[in-house]
Amino acid sequence: MTKGAGAADRRGRFITFEGGEGAGKSTQIARAASFLKDRQIDPVVTREPGGSPGAEQIRRLLVEGEPGRWDAVTEMLLHFAARRDHVRTVIAPALAEGRWVLCDRFVDSTLAYQGYGHGLGEAPVRQLADLTIDGAWPDLTIVLDLPVEQGLKRAGERAGREHRYERMGLDFHRRLREGFLAIAAADPDRCRVINAMRPVDEIADKIAISLEQLIIVY
Ligand code: TMP
């Protein structure tokens, strides 16, 4: 983080990217990182589940194997176990140093996938977030939204991926899409929903506007 004198005295900014399968998060995170670098902000780019050595080990338990491998509660707990390690060892230290953090998925994914998709509801997910993330809620969340069929088609075209969640069925994916939209509607100051069916450049420009707004007030 090289922006401005005294930047290290300030907490950095935490930006998360959310959405269903095949929404194009990786592409847009790369574009967002390069937009920030052009403005002398060198972000930490990370992902969930994973992002730290311990959390990457837990990731394998979550993304590999049969769809019914875990019951919904166990799955939620595994996501939060991974997340706590990631927050404590990567995200919180980076923010404390004044670094900006771009994270591919965070608590909203657990709300959408386990809360809405698996039907656990928002309450247990929010309780576990309160217990585990030490208040590290994102400053900005980009929700890339697209129809489930298109997203799964795109995701299926990517070779060599773990795909436990992609095999969970259309209804599961429809519920989590509705979940993301409901979460964003309830928290409009933090969340921005963007139509992921639009061209990559157009989406990147929209995200850049939100990033610019964060930079202006930083
Ligand atoms: P990825 O494909 O975006 O790397 O994410 C791996 C899968 O994990 C993806 O299908 C979404 C799922 N997931 C959850 O179900 N709950 C969570 O809390 C997170 C972070 C991811």
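These are numbered notes on a predicted model with a bound ligand.

1. **The ligand shell.** The ligand is surrounded by 15 residues. Glu-21, Arg-59, Arg-105, Thr-110 and Gln-114 are the closest. By class, the shell holds seven charged residues, four polar and four nonpolar.

2. **Where the shell comes from.** Three helices each give at least two residues to the shell: helix 2 (53-63), helix 3 (72-96) and helix 4 (107-117). Which helix gives the most? Helix 4 does, with four residues.

3. **Polar pairs to the ligand.** Check three side chains here. Thr-110 has a side-chain N or O atom 2.6 Å from an oxygen atom of the ligand. Arg-59 places a polar side-chain atom 3.0 Å from a ligand oxygen. His-79 faces a nitrogen atom instead: a polar atom of its side chain lies 3.2 Å from that ligand nitrogen. On its own, the ligand has 480 Å² of accessible area, and the protein covers 94% of that.

4. **Arg-105.** This residue deserves a look on two counts. It is among the residues closest to the ligand. It also has a positive phi, about 75°, without being a glycine. Most residues other than glycine have a negative phi. Arg-105 sits in the loop that runs between strand 3 (101-104) and helix 4. Is the residue buried or exposed? Its relative accessible area is 12%, so Arg-105 is buried, the cut-off being under 20%.

5. **Asp-134.** Here is another positive phi at a residue that is not a glycine, about 50°. Asp-134 belongs to the loop between helix 5 and strand 4 (140-145). Its relative accessibility is 51%, so Asp-134 counts as exposed, for which the cut-off is over 50%. Arg-105, by contrast, is buried.

6. **The cis peptide.** Which residues does the cis bond join? Glu-48 and Pro-49, with omega about -10°. Most peptide bonds are trans. Pro-49 lies in the loop between strand 2 (44-47) and helix 2. Glu-48 has its place in the loop between strand 2 and helix 2 as well.

7. **Around Glu-48.** Glu-48 counts as buried because its relative accessibility is 5%, under the 20% cut-off. Its side chain makes a polar contact with the side chain of His-86, at 2.8 Å. Beyond its neighbours within four places in sequence, Glu-48 is in contact with Arg-59, Arg-83, His-86, Ile-91, Cys-103, Asp-104, Arg-105 and Phe-106. Two names in that list, Arg-59 and Arg-105, also appear among the residues closest to the ligand. The contact with Arg-105 joins a residue of the cis bond to one with a positive phi.

8. **Cysteines.** How many disulfides does the whole structure contain? Zero. Why is Cys-103 not bonded to its closest cysteine? The sulfur of Cys-103 is 14 Å from that of Cys-191, the closest cysteine sulfur, and so too far for a bond. A disulfide would need the two sulfur atoms within 2.5 Å. Seen from the other end, Cys-191 has its closest cysteine sulfur in Cys-103. Cys-103 is buried, at 0% relative accessibility. Cys-191 is buried too, with a relative accessible area of 10%. Cys-103 is also one of the contacts of Glu-48.

9. **Thr-132.** Thr-132 is in helix 5 (residues 122-132). With a relative accessible area of 9%, Thr-132 is buried. Setting aside residues up to four places away in sequence, Thr-132 touches Phe-80 and Arg-84.

10. **Pairs far apart in sequence.** Arg-158 and Gly-22 are 136 residues apart along the sequence, yet their C-alpha atoms are 8.9 Å apart in space. Arg-158 lies in the loop between helix 6 (148-157) and helix 7 (170-186). Its relative accessible area is 37%, so Arg-158 is partly exposed. Ala-182, found in helix 7, is also partly exposed, at 31% relative accessibility. Ala-182 and Gly-19 are 163 residues apart along the chain, and 12 Å separates their C-alpha atoms.

How values were computed: Residues are numbered from 1 along each chain as its sequence is written. This is a predicted model: local features need pLDDT of at least 70, side-chain atom pairs count only at pLDDT 80 or more; totals for chains, interfaces and linings use all residues. Side-chain values use heavy atoms; hydrogens and water are left out. A residue is near a molecule or strand if one of its heavy atoms lies within 4 Å of it. A polar contact is a pair of N or O atoms within 3.5 Å; within protein, one must be able to donate a hydrogen and the other to accept it, and residues adjacent in sequence count only if both atoms are side-chain atoms. Accessible areas come from the Shrake-Rupley method with a 1.4 Å probe; for residues, only the protein chains shown count as cover. Ala, Val, Leu, Ile, Met, Phe, Trp, Tyr, Cys and Pro count as nonpolar, Asp, Glu, Lys and Arg as charged, and the others, Gly among them, as polar. Buried means under 20% relative accessible area, exposed over 50%, partly exposed in between (1.4 Å probe, protein chains only). Contact means heavy atoms within 4.5 Å.
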